[in-house]
Amino acid sequence: MSTRVVIIGAGFGGLACAGKLAGSRAEVILIDRLNHHLFQPLLYQVATAALSPADIAEPVRKIFRRHGNIRVMMDEVTGIDLGRKEVWLSIAAPVPYDVLVVSTGSGYGYFDHDEWARHAPGLKTLEDARTIRARLLKCFELADLTDDPAYREALMTSVIIGGGPTGVEMAGSIAELCRWTLAGEFSRIDPRQARVLLVEAGPRILSGFPEHLSAYAEKALANLGVTVRTDTRVTDVRADGVSLGDEFVPSGSIVWAAGVIASPAASWLELHTNRSGQIPVAEDLSVPGLRDVYVIGDTALFMQDGQPLPGLAQVAKQQGQHLGKGLRRRIEQGVALPPFRFRNRGNTAVIGRHAAVFDFGRWQMKGRLAWLLWAMVHVYLLVGFEKRLLVSLQWLWRYFTGARGARLISAPLTREQAHEMSDVAAPRKSGAMGRR
C-alpha cells in the first residue's frame, strides 16, 4: 500500500515538495484554495500594469499533468484531525493522510486594525493586484474629470505603507508608471506631477539589507520622484487618506506592504506560535510532538545560527525541495530525514530602471548590474518556458518603449464610486466633477 502525502498549499514550498515526489511510490494530494501557482515576487508588476495576471500564474494541474501519482484538489482547508489523520475541507469529504505537509504561506497583518484592509489592500493574490491596479488607474481618470485642484492632487497621491522589498518595488513601479507610461496620455492633468509617498516606521527602508544598500535605494527612489518618510508611524487609514501621527495625507490610492503574519495553520494544529503566527519546527522541518506533520515556508519558524529564516520565496522553495527528497528516500528506502540547511542565494529588491540591490551576505551589488541580475533570476524562477519567454519579451518591449500593455479598467466608473472617492480632500466645490 502506497504512502499518502497530503500537501496543503501550492506556493513555492508546496510546489517544490510535490515536484520532488513526482513519479515516486508516494500518493501525493496537493490541496490549494486556488487553481494556480502564483509567482508573488512579480505581483507588484501586475498591480502597476507592467504585466498581466496570466504572465505570473500557472495552473497547478498543468504543472503536474504528466505525473500520475499527484492529484490536485481545489478546495479550502477548514481544519485538521490529528487523531484520525484527516484534513477537513469546505466542499469535499475529509482527506486521510499518512504524512502531512503544511505550506500555506502568509498574509498581511494590520496591527489589530483589520478595518484598514478595506482602504489599504495588501499584495498577496491576483485579486489584490487587480484591485490596486483598478484603484490606481481610476484615480487618474477621476483626476482628469474634476475641476477641484485639491481633489485632483489627492487623487494623484499614492501612499505605500511599509519600506520592505515589496513597498520599495511598488513605490518605484508606481513612480515609473506616472513619470513615463501615463505621461502625455491625459489632456487635463500631468501624471508626472503625481506624488508617491513611501512610509516606513523604522529608521530606514530595506532594513533586512546592509545600510549602504538601503541608502542607495532611498536615493534611487528620490531620483524617481518618490518621497520616503522613515521613523513615521501610520495611526489611521481611511478611504480618503492616511494619518501619519498628527499629520493627515489625503490620498486616493493606498497600498499596505507591512506587518506580515502566517496563515491560520497553527489553529488547525492547535499549536502555540510566535507573534507572527509561525509554527516552530525541528531541524528536519517536522513539528515537535506531532507525528508525520511537517511545516515549511512562511508558516514555519525555523532557526538557523540562532536566527529565524526570513519569509522569502527561496527559503520556501529550498525547504520544499529538501523535504520532498527526504520523504521520497524515507518512503522508498526507509532513510530518516536529514536536517535542513538554508543556503542563501542572495536577497534582492528592484527600485526602477537600471536600479536594484543584491545582498549575498559576504558581498553586495547595486545599480545596473544588480538590475540585470535581478531580471535574469526572476525570469529563471518563473514556472515554464512559456512564462519565461512572455515576460522576457514584455520587459524588453517596455524597456525600449516605456509602454505598459495591461492598463485596463474592467468596470466602468460609476457615480457611486466617484462619490465614494470624493471624500478625498473634502469638502470640495459644488459641481467639481463637472457637468455632462
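User: Happy to have you here! Is Asp292 buried or exposed?

Analyst: Glad to help, and note that this is a predicted model. The side chain of Asp292 meets that of Arg291 in a salt bridge, 3.7 Å from N to O. Buried means under 20% relative accessible area. Asp292 has 14% relative accessibility, so it counts as buried.

User: And its partner Arg291, is that buried or exposed?

Analyst: The cut-off for exposed is over 50% relative accessible area. Arg291 has a relative accessible area of 73%, so the residue is exposed.

User: Which residues are joined into one network by salt bridges that share partners?

Analyst: By the distance rule the count comes to 15 salt bridges. Some of them share partners, and these link up into one network. Its members are Glu58, Lys62, Glu386 and Lys387.

User: How many residues apart in sequence are the parts that Glu58 and Lys387 tie together?

Analyst: Glu58 and Lys387 form a salt bridge whose closest N and O atoms are 3.6 Å apart. Glu58 lies in strand β4 and Lys387 in helix α11, so the pair ties together parts separated in sequence by 329 residues.

User: Are Glu58 and Lys387 buried or exposed?

Analyst: The threshold for buried is under 20% relative accessible area. Glu58 is at 7% relative accessibility, and Lys387 has a relative accessible area of 10%. Both values fall under the threshold, so Glu58 and Lys387 are buried.

User: How much space lies in the largest cavity?

Analyst: A search of the whole structure turns up one cavity of 30 Å³ or more. Its lining includes Glu58 and Lys387, along with His37, Phe39 and Asp55 among others. The lining residues divide into five nonpolar, one polar and three charged. The space in the largest cavity is about 50 Å³.

User: Which residues make the nonpolar surface patch?

Analyst: One of its members, Leu389, sits in helix α11, residues 385-401. Leu389 has a relative accessible area of 40%, so it is partly exposed. The patch covers about 590 Å² and is made by Phe385, Leu389, Leu393, Leu396 and Phe400.

User: What is the closest N to O distance in the salt bridge of Arg188 with Asp147?

Analyst: Arg188 is partly exposed at 40% relative accessible area, and Asp147 is partly exposed at 42%. In their salt bridge, the closest N and O atoms are apart by 2.5 Å.

User: How many of the 10 residues of helix α1 are buried?

Analyst: Helix α1 spans residues 12-21 and is mostly covered. Its buried residues include Phe12, Leu15, Cys17 and Leu21. Of its 10 residues, the number buried is eight.

Conventions
Residues numbered from 1 in each chain as written. Predicted model: local features only at pLDDT ≥ 70, side-chain atom pairs only at ≥ 80, totals over all residues. Heavy atoms only, no water. Buried < 20%, exposed > 50% of the residue type's maximum accessible area, 1.4 Å probe, protein only. Helix = DSSP H or I, 4+ residues; strand = E, 2+ residues; numbered from the N terminus. 1 Å grid on protein atoms, 1.4 Å probe; cavity = no way out; pocket = protein on both sides within 12 Å on 5 of 7 lines; lining within 4 Å. Points joined across faces, edges and corners; volume = space filled by probe spheres on them. Nonpolar A, V, L, I, M, F, W, Y, C, P; charged D, E, K, R; others polar. Patch = residues over 30% accessible without salt bridge, like charges linked within 9 Å, V, L, I, M, F, W, Y side chains within 5 Å. Areas by Shrake-Rupley, 256 points an atom, 1.4 Å probe, with all protein chains shown as cover. Salt bridge = Lys/Arg side-chain N within 4 Å of Asp/Glu carboxyl O.
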